[in-house]
Amino acid sequence: MSNYFRLFANCMPIKGAIRSLICDTQRGGFKFIPNGLLDILVENKYNSISEIKSMFDNQYDTTIDEYFEFLIENEFIFFCEKDEIDLFPDIDLSWDMPAHIANAIIDINEYSNYEIEKIIDDLDKLLCKHIHLRIYSIKNIEYLEKIMVLLENKKILSIEIFVHFSLDLTKENIYVLMCKYPRLYSVVLHSAPTDEVLLQDIESKAFIVQIQQKIDNHTHCGFISPDYFSINISTFTESQHHNTCLNRKISIDVNGEIKNCPSMTKSYGNIKDTTLAEALAKEGFKDMWHIKKDQIKVCQDCEFRHICTDCRAYLQDPNDLYSKPAKCSYDPYTATWGVENPTNNTLYGQ
């Protein structure tokens, strides 16, 4: 059998400071590998296993054999003839999408008095695909249905709602709403008495959960955790060119201010007198879209950087836009996670 090999195109090696990983963007998982193995895969992809062993004067044959046994066991590589290698090119890492805005965050509290219908109409014109609605106050099921009615005949594909727990919002009536309006795929009831998954319907993809965490303002975001890793080809390719949180995102805070993110201080107008398209066209709005992980201090040395979201609102150094996210406790130089600091809400520029 030939001992020339190729990584499957969907298996992406990512090098970190002291360890690397292979990210399987098709199956949504990853495995850690030594940096030495990554170097072999990247620098010797046209060499056979025997040629690689010869490069090290056959001193590390056992280790190299173990490496390749691991790769075969996890279905990361396949074998081919030398003249077939070029028949299996690397995957195209370019990224684009047919929308001016990919996703939007809309924040609502008991004092918000802007017209959500206007926001949804504006988002539809921008070809927005996903809306994340964060409701900090208590609302009833009728309020949620009014929002879903506004989405009828719109191009928006999905909506996720975070809403304050109330006895009126039961698993049963939320599920009825989800069945009636399939674009509503996730409802999280915050400030609840218990943590509990109320419904997880694989067939309809409906997800209802309640959490004890009290989410009463915009500061409850920006956390970096393995729970939030996004392991797919879309996130991976977007990360090569753009910011994985802010790219093609627009937000409306509780006061109607249009921002990159509700946590940020910079406003590009208020929804009451500015359209989202007008805000999007203003100088500086798109600047943060292009800050990628390979440019961010510490993140650029992290093996998780291309499957991880990012935060440019809460930074370790509030005067440095390229500083590590303040709410990330991972240290790529020791490969350890520290204790999360949920109160670290130091904003960029403050």
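A pocket is an open set of grid points with protein on both sides within 12 Å along at least five of seven lines, and its lining residues have an atom within 4 Å of a point. The model examined here is predicted.

**Exercise 1. The second largest pocket**

Describe the second largest pocket by volume, lining, contributing elements and residue class.

Solution.
- Step 1: volume. The second largest pocket holds about 390 Å³ of space.
- Step 2: lining. It has 20 lining residues. Nearest its centre lie L7, C11, M12, P13 and D90.
- Step 3: elements. Strand 1 (4-7) and strand 2 (11-15) each give at least two lining residues. So much is also true of helix 1 (35-43) and helix 7 (233-241).
- Step 4: class. The lining splits into 15 nonpolar, two polar and three charged residues.

**Exercise 2. The largest cavity**

Count the cavities of 30 Å³ or more, then characterise the largest cavity.

Solution.
- Step 1: count. There is one cavity of 30 Å³ or more.
- Step 2: volume. The largest cavity contains about 110 Å³ of space.
- Step 3: lining. Its walls involve 15 residues, and I224, K293, C299, C302 and C328 are the closest to its centre.
- Step 4: class. Twelve lining residues are nonpolar, three are charged and none is polar.

**Exercise 3. C302 in its surroundings**

C302 is among the residues closest to the centre of the largest cavity. Place C302 in the fold and list its contacts.

Solution.
- Step 1: position. C302 sits in the loop between helix 8 (276-280) and strand 14 (330-331).
- Step 2: accessibility. The relative accessible area of C302 is 10%. Buried means under 20%, so C302 is buried.
- Step 3: contacts. Beyond four places in sequence, C302 touches I14, K15, G16, Y330 and P332.
- Step 4: a distance. C302 and P332 are 30 residues apart along the chain, yet their C-alpha atoms are separated by 5.1 Å.

**Exercise 4. Packing of helices 5 and 6**

Classify the packing of helix 5 against helix 6 and name the residues that meet.

Solution.
- Step 1: what to compare. Two packed helices are described by the angle between their axes and the distance between the axes.
- Step 2: values. Helix 5 (residues 141-150) and helix 6 (residues 171-180) pack at about 10°, and their axes are 11 Å apart.
- Step 3: class of angle. Angles under 35 degrees count as roughly parallel. Helix 5 and helix 6 are therefore roughly parallel.
- Step 4: contact. Helix 5 brings I141, L144, E145 and M148. Helix 6 answers with N173, I174, L177 and K180.
- Step 5: chemistry. The contact has five nonpolar, one polar and two charged residues.

**Exercise 5. Two positive phi angles**

Most residues other than glycine have a negative phi. Compare the settings of N153 and V298, which have positive phi although neither is a glycine.

Solution.
- Step 1: angles. Phi is about 65° at N153 and about 75° at V298.
- Step 2: position. N153 belongs to the loop between helix 5 and strand 8. V298 belongs to the loop between helix 8 and strand 14.
- Step 3: accessibility. N153 is exposed at 78% relative accessible area, whereas V298 is partly exposed at 23%.

**Exercise 6. H164**

Is H164 buried or exposed, and which residues does it contact?

Solution.
- Step 1: position. H164 lies in strand 8 (residues 158-164).
- Step 2: accessibility. With a relative accessible area of 14%, H164 is buried.
- Step 3: contacts. Leaving aside neighbours within four places in sequence, H164 contacts I135, Y136, S137, I138, L169, H190, S191 and K214.

Technical notes
Residues numbered from 1 in each chain as written. Predicted model: local features only at pLDDT ≥ 70, side-chain atom pairs only at ≥ 80, totals over all residues. Heavy atoms only, no water. 1 Å grid on protein atoms, 1.4 Å probe; cavity = no way out; pocket = protein on both sides within 12 Å on 5 of 7 lines; lining within 4 Å. Points joined across faces, edges and corners; volume = space filled by probe spheres on them. Nonpolar A, V, L, I, M, F, W, Y, C, P; charged D, E, K, R; others polar. Axes fitted to C-alpha atoms, helices over the stretch in contact; angles between N-to-C directions. Helix = DSSP H or I, 4+ residues; strand = E, 2+ residues; numbered from the N terminus. Parallel < 35°, antiparallel > 145°, perpendicular 65-115°, else oblique. Contact = heavy atoms within 4.5 Å. Buried < 20%, exposed > 50% of the residue type's maximum accessible area, 1.4 Å probe, protein only.
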